[in-house]
Amino acid sequence: MTTLLGQLLLWNKIITQEQLDEALEEQKKTKKKLGTILIEKGYVDEKTLNEFLSKQYGVESIDLNSIEIPREVIKKVPAQIAKKYVLIPVGIENGRLKIAISDPTNIFAIDEVRFITGMNVVPLFSNERAIMRAIDKYYGTSTELEEIAESLDEYSKDVDVLKEDEGEIDVDQLEKSAEEEPIVKLANTILSRAVQEGVSDVHIETYENDLRIRYRIDGKLKTVMTFAKSMAPKLVSRFKIMAKLNIAEKRLPQDGRIRIRSGDKDIDLRVSTLPTIYGEKVVMRVLDRSNIRVELESLGFEANDLKRYLEAIRKPYGMILVTGPTGSGKTTTLYASLNKLNREDVNIMTVEDPVEYNIDGINQVHVKEDIGLTFANALRSFLRQDPDIIMVGEIRDTETAEIAIRAALTGHLVFSTIHTNDAPSTIMRLVDMGIERYLIASSLILVLAQRLVRRICPYCKKEVYVPPAALEEIGFSKEEAKTVKVYKGEGCDYCNDTGYKGRIALYEVMPISEKLRRMILEGASTDELRAEAIKEGMSTLRMSGLKKIKEGITTIEEVMNVTFY
């Protein structure tokens, strides 16, 4: 059907041969449906594809985004049947059940729905992605959470296990309550929903009158549920038990890990607890191990920047620094780089705080400052371990910087991160740390700055008008401002009405050329270094952002929020 669909769309001049070839190539890598890939790339919109396929199947199509399905209709078909056959009931008319289905020719699916419901079935066509969104909306964790919330109404009235007046904790009762079914079910649902929605962080927060659960999705926090405050000790204790933390210790911060399996994914959760005035706050960083297999080519590099970066990481020695604020994707870039270099004949060693992902074939060390295992001490030991490539999680002090530079000067390729606003200002940051300019100039081979911006949702993406003068003001040339098309997401079920789905990186790649080395030695300022780097072909973060706007990948607002130059 994949090849047939592509050919039919091509013959009807809905897509081009080049677009089809590109979509088929991506399908080999991702195993996604061809129609889904074509929509995500913007080669065809969802409505056009639905109408086209409905004609091919000879049935009516339905836009699931434009209707609200009554709860009594949803209850007609069990969730497992809906997911198994990719279908969803949408209405009842004259005693017949209408269903949206991605394959209206599947007589087995239609017969099973007819048997379960005892009703005649009318199939309507909708694409797989739209149906899966509807299944998540009507059958998914939101419905499950409503049921859990109802069951917790009575449960939350139990006697609190924390005796606040006496300042005592009944540990046995606390542990017992944390293992009871409603709490276990709630904790599991919070985590499973987080994994399904691609959440990066889960926040469990206790306030004066309630307990709030928030998810960070594509860099933004969103409240997903609230409960009575009396639930807090029990839910927090459940997560502490899962993370093997001390449930009796409520006065000090604690750190732990939870490992879960969701479908075919192995997920690690880095758990941090913190005492607040109304109770403990829990933050869980969701680490999807499949993310470590990401390719550098898929992160957002422009073709020329990727070429420059690959040339740098293939050099036998020297230092590569990645800079950007917390949460800008530095770790993902570094892991993708190490994966590219990870071979049997290469000894790669990392020192991290903490080790976020375990990578086969790489020796990883977790910093433990309380026993003296600092970045600097680990690095000293690394140099006696015959390494070829070293990755230092972060350069925090002069001692670590000096040892890393020494390693780069003695035949090792060294990767690390540092906190600066852009690539050129990294030089002055190292100088301010007390590193001699001649050491910087002789060891540094490339600096890469990065930021993350949200992608426009492919399912509700629409062109918007922006005056040419406004486009010129943010950095477009006068000629570009007259022709560039700007897009924005209107908001739909797929993106939770945000208009965005997923993120992509903006990169500023600054190779250290011979001219830049001389300028560093001569004491050039950050502005002078930036001007020379741009002259040599460096695209600033703002320039990278403008290209993503022109390509219809992100919005003006996203780029303006994270770039200055």
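Over the face of which tyrosine does arginine 454 lie? Arginine 454 lies over the face of tyrosine 500, at 3.9 Å from the ring centre. This is one of the details in the close-up views below, which are drawn from a predicted model.

**View 1. An open sheet of 7 strands.** The strands follow the order β14-β13-β15-β16-β12-β17-β20, and their pairing is mixed. The edges are taken by β14 (363-366) and β20 (500-511); each has a single partner strand, so one side of each is left without a neighbour in the sheet. On average, and with direction ignored, neighbouring strands are turned by 20° against each other. At the β14 edge, strand β13 (residues 348-352) pairs with β14 in the parallel sense over 4 bridges. Methionine 349 stands opposite asparagine 363 in β14.

**View 2. Strand β17 and the strands it pairs with in the sheet.** Strand β17 is mostly covered, with 11 of its 13 residues buried. Strands β12 and β17 run parallel and are joined by 5 bridges. Here valine 322 has leucine 448 in β17 as its bridge partner. Strands β17 and β20 run antiparallel, with 10 bridges joining them. Valine 447 has methionine 510 in β20 as its bridge partner.

**View 3. Helices on the sheet.** Helix α16 (residues 398-409) packs on the sheet and touches β12 (318-323), β15 (389-392) and β16 (413-418). The direction of α16 makes about 135° with that of β12. Helix α23 (residues 541-550) lies across β17 (444-456) and β20. Relative to β20, helix α23 runs at about 140°.

**View 4. The largest nonpolar core, with 45 residues.** In soluble globular proteins, nonpolar side chains tend to be buried together. Within this core, Met319, Val414, Leu444 and Met510 touch the most other members. Helix α16 gives the most to the core, with 6 residues. Which residues does methionine 510 contact, leaving aside its neighbours within four places in sequence? The contacts of methionine 510 are Ala423, Pro424, Leu446, Val447, Leu516, Ala533 and Met538. Val447 is thus named twice in these views, as a contact of methionine 510 and as its bridge partner.

**View 5. A second, separate core, with 33 residues.** Among its members are Val224, Leu235, Leu269 and Val282. Leucine 235 is placed in helix α12 (residues 232-242) and has 0% relative accessibility, so it counts as buried. Neighbours within four places in sequence left aside, leucine 235 is in contact with Ile183, Leu186, Ala187, Ile190, Ile204, Leu211 and Ile213. How far apart in space are leucine 235 and methionine 510, C-alpha to C-alpha? They are 47 Å apart, and 275 residues apart in sequence.

**View 6. Strand β6 and its pairing with β7 and β11.** Strand β6 (residues 201-206) is mostly covered, as 6 of its 6 residues are buried. In a regular strand the side chains alternate between the two faces of the sheet. In β6, Asp201, His203 and Glu205 point one way, while Val202, Ile204 and Thr206 point the other way. Strand β7 (residues 210-217) pairs with β6 in the antiparallel sense over 6 bridges, and a hairpin joins β6 to β7 through 3 residues. Aspartate 201 stands opposite arginine 216 in β7. Strand β11 (residues 279-288) also pairs with β6 in the antiparallel sense, over 4 bridges. Valine 202 stands opposite methionine 284 in β11.

**View 7. Aromatic pairs, of which the structure holds 3.** The ring centres of phenylalanine 301 and tyrosine 309 are 5.4 Å apart and the planes are at 20°, so this pair is stacked. Both phenylalanine 301 and tyrosine 309 are buried. Ring pairs link Phe301, Tyr309 and Tyr507 into a cluster. For tyrosine 335 and tyrosine 357 the ring centres are 5.6 Å apart and the planes are at 75°, so this pair is edge-to-face. Tyrosine 335 lies in helix α14 (residues 330-341) and tyrosine 357 in the loop between β13 and β14, so the pair ties together parts that are 22 residues apart in sequence. Both tyrosine 335 and tyrosine 357 are buried.

**View 8. Charged side chains over tyrosine rings.** Arginine 454 is 3.9 Å from the ring centre of tyrosine 500. Lysine 461 lies over the face of tyrosine 487, at 4.8 Å from the ring centre.

Methods. Residues are numbered from 1 along each chain as its sequence is written. This is a predicted model: local features need pLDDT of at least 70, side-chain atom pairs count only at pLDDT 80 or more; totals for chains, interfaces and linings use all residues. Side-chain values use heavy atoms; hydrogens and water are left out. Two strands pair if DSSP finds at least two bridges between them. Helices (H or I, at least four residues) and strands (E, at least two) are DSSP runs, numbered from the N terminus. Axes are lines fitted to C-alpha atoms, for helices over the stretch in contact, and angles run from 0 to 180 degrees between N-to-C directions. Contact means heavy atoms within 4.5 Å. A nonpolar core is a set of buried Ala, Val, Leu, Ile, Met, Phe, Trp, Tyr and Cys residues joined through side-chain atoms within 4.5 Å. Buried means under 20% relative accessible area, exposed over 50%, partly exposed in between (1.4 Å probe, protein chains only). Rings of Phe, Tyr and Trp (its six-membered ring) pair if their centres lie within 6.5 Å; planes under 30 degrees apart count as stacked, over 60 as edge-to-face and the rest as tilted. A charge sits over a ring if NZ of Lys or CZ of Arg is within 6 Å of the ring centre and within 35 degrees of the ring normal.
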